[in-house]
Amino acid sequence: MPEPLKIVTYPAKVLSRPGRRITPQDGLDLHDLFERMKVAMRDSDGIGLAAPQVGLGIRFAVAHDSKGGKTYGFVNPQIDWFSIEKKVGVEGCLSFPGVYGDIERSLAIHVKWQDADFVEHEADFEGHFARVVQHEVDHLNGVLILDRCIDGLWEPAKPGEETEDDETEETADAAARRRKTRSRKTRTRIVAS
């Protein structure tokens, strides 16, 4: 049985380097890598995992589409179209355990990739899975959530801990701000260095 893959965490240098394009001549067993990365992703409660996150500087990622019930293996993926319409959403990362960031992503994308047998594929993805794929392709380009987050990374507040959203000011603007950030009421902001 192969040794389990270990998740590499920030600030490991492999995370900030673009991955190398894979060719059949590399002789990699991509089917085995796909299975091992799926296990590592699921064991860590993740929905996506890129090769740099397990210490491999290659362009390979796995991502699970919960809506479609399928886990994709992306070899040399390339996003060649991003929708103009974007949305800010909360993202975590297995390489940044315990912290999150608010990140703006396109709502739909068009992706070209190869599978583990180097057969070409292309598809449009939208919604949550489009966000997951953008996150994993970022990893393959050496781009981290730290580079994309709007307002720094943050960690959930502990029960009873006061957060920056707990204001006493009662202006209309403050009330609107609280309504807008209500889902973040139990969070406290941090900035990774």
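By class, the residues lining the largest pocket of this predicted model divide into nine nonpolar, seven polar and four charged. The lining comprises 20 residues, and the pocket has a volume of about 360 Å³. Nearest its centre lie Ile-47, Glu-91, Gly-92, Cys-93 and His-135. Two elements give two or more residues to this lining, namely strand S4, residues 86-92, and helix H2, residues 127-140. Helix H2 provides the largest share, with five residues.

Glu-91 leads from the pocket to the salt bridges. Its partner is Arg-131, and the closest N and O atoms of the two are 2.7 Å apart. Because Arg-131 belongs to helix H2 and Glu-91 to strand S4, this pair ties together parts of the chain that are 40 residues apart in sequence. What is the relative accessibility of Glu-91, and is the residue buried or exposed? At 4%, Glu-91 counts as buried, since the cut-off for that class is under 20% relative accessible area. Arg-131 has a relative accessible area of 12% and is therefore buried as well. Glu-91 thus has two roles in this description: it is among the residues nearest the centre of the largest pocket, and it is one partner of a salt bridge to helix H2.

A second salt bridge involving helix H2 joins Arg-105 to Asp-138, with the closest N and O atoms 2.7 Å apart. Arg-105 lies in strand S5, which covers residues 100-106, and Asp-138 lies in helix H2, so the pair ties together parts that are 33 residues apart in sequence. Both Arg-105 and Asp-138 are buried.

Which residues are linked in a network of salt bridges? The members are Glu-91, Arg-105, Arg-131, Asp-138 and Arg-148. The two pairs just described, Arg-131 with Glu-91 and Arg-105 with Asp-138, therefore do not stand apart, because their residues belong to one network that also includes Arg-148.

The structure holds eight salt bridges. One of them is formed by the side chains of Asp-26 and Arg-20, at 3.0 Å from N to O. Here the accessibility values fall into another class: Asp-26, at 32%, counts as partly exposed, and Arg-20, at 42%, also counts as partly exposed. The reason is that both values lie between the cut-offs of 20% and 50%.

The backbone has some features that deserve a look. Where is the cis peptide bond that involves Pro-11? The bond runs from Tyr-10 to Pro-11, and its omega is near 15 degrees. Pro-11 is found in the segment before helix H1, which spans residues 30-43.

Positive phi values in residues other than glycine are found at Asn-76 and Phe-118. For Asn-76, phi is near 50 degrees. Asn-76 is part of strand S3, residues 70-82, and with a relative accessible area of 5% the residue is buried. Phe-118 has a phi of about 65 degrees. In which part of the chain does Phe-118 lie? Phe-118 is in the loop between strand S6, residues 108-114, and strand S7, residues 120-126.

Helix H2 recurs in this account. Helix H2 gives five residues to the lining of the largest pocket, holds Arg-131, the partner of Glu-91 in strand S4, and holds Asp-138, the partner of Arg-105 in strand S5.

Technical notes:
Residues numbered from 1 in each chain as written. Predicted model: local features only at pLDDT ≥ 70, side-chain atom pairs only at ≥ 80, totals over all residues. Heavy atoms only, no water. 1 Å grid on protein atoms, 1.4 Å probe; cavity = no way out; pocket = protein on both sides within 12 Å on 5 of 7 lines; lining within 4 Å. Points joined across faces, edges and corners; volume = space filled by probe spheres on them. Helix = DSSP H or I, 4+ residues; strand = E, 2+ residues; numbered from the N terminus. Nonpolar A, V, L, I, M, F, W, Y, C, P; charged D, E, K, R; others polar. Salt bridge = Lys/Arg side-chain N within 4 Å of Asp/Glu carboxyl O. Buried < 20%, exposed > 50% of the residue type's maximum accessible area, 1.4 Å probe, protein only.
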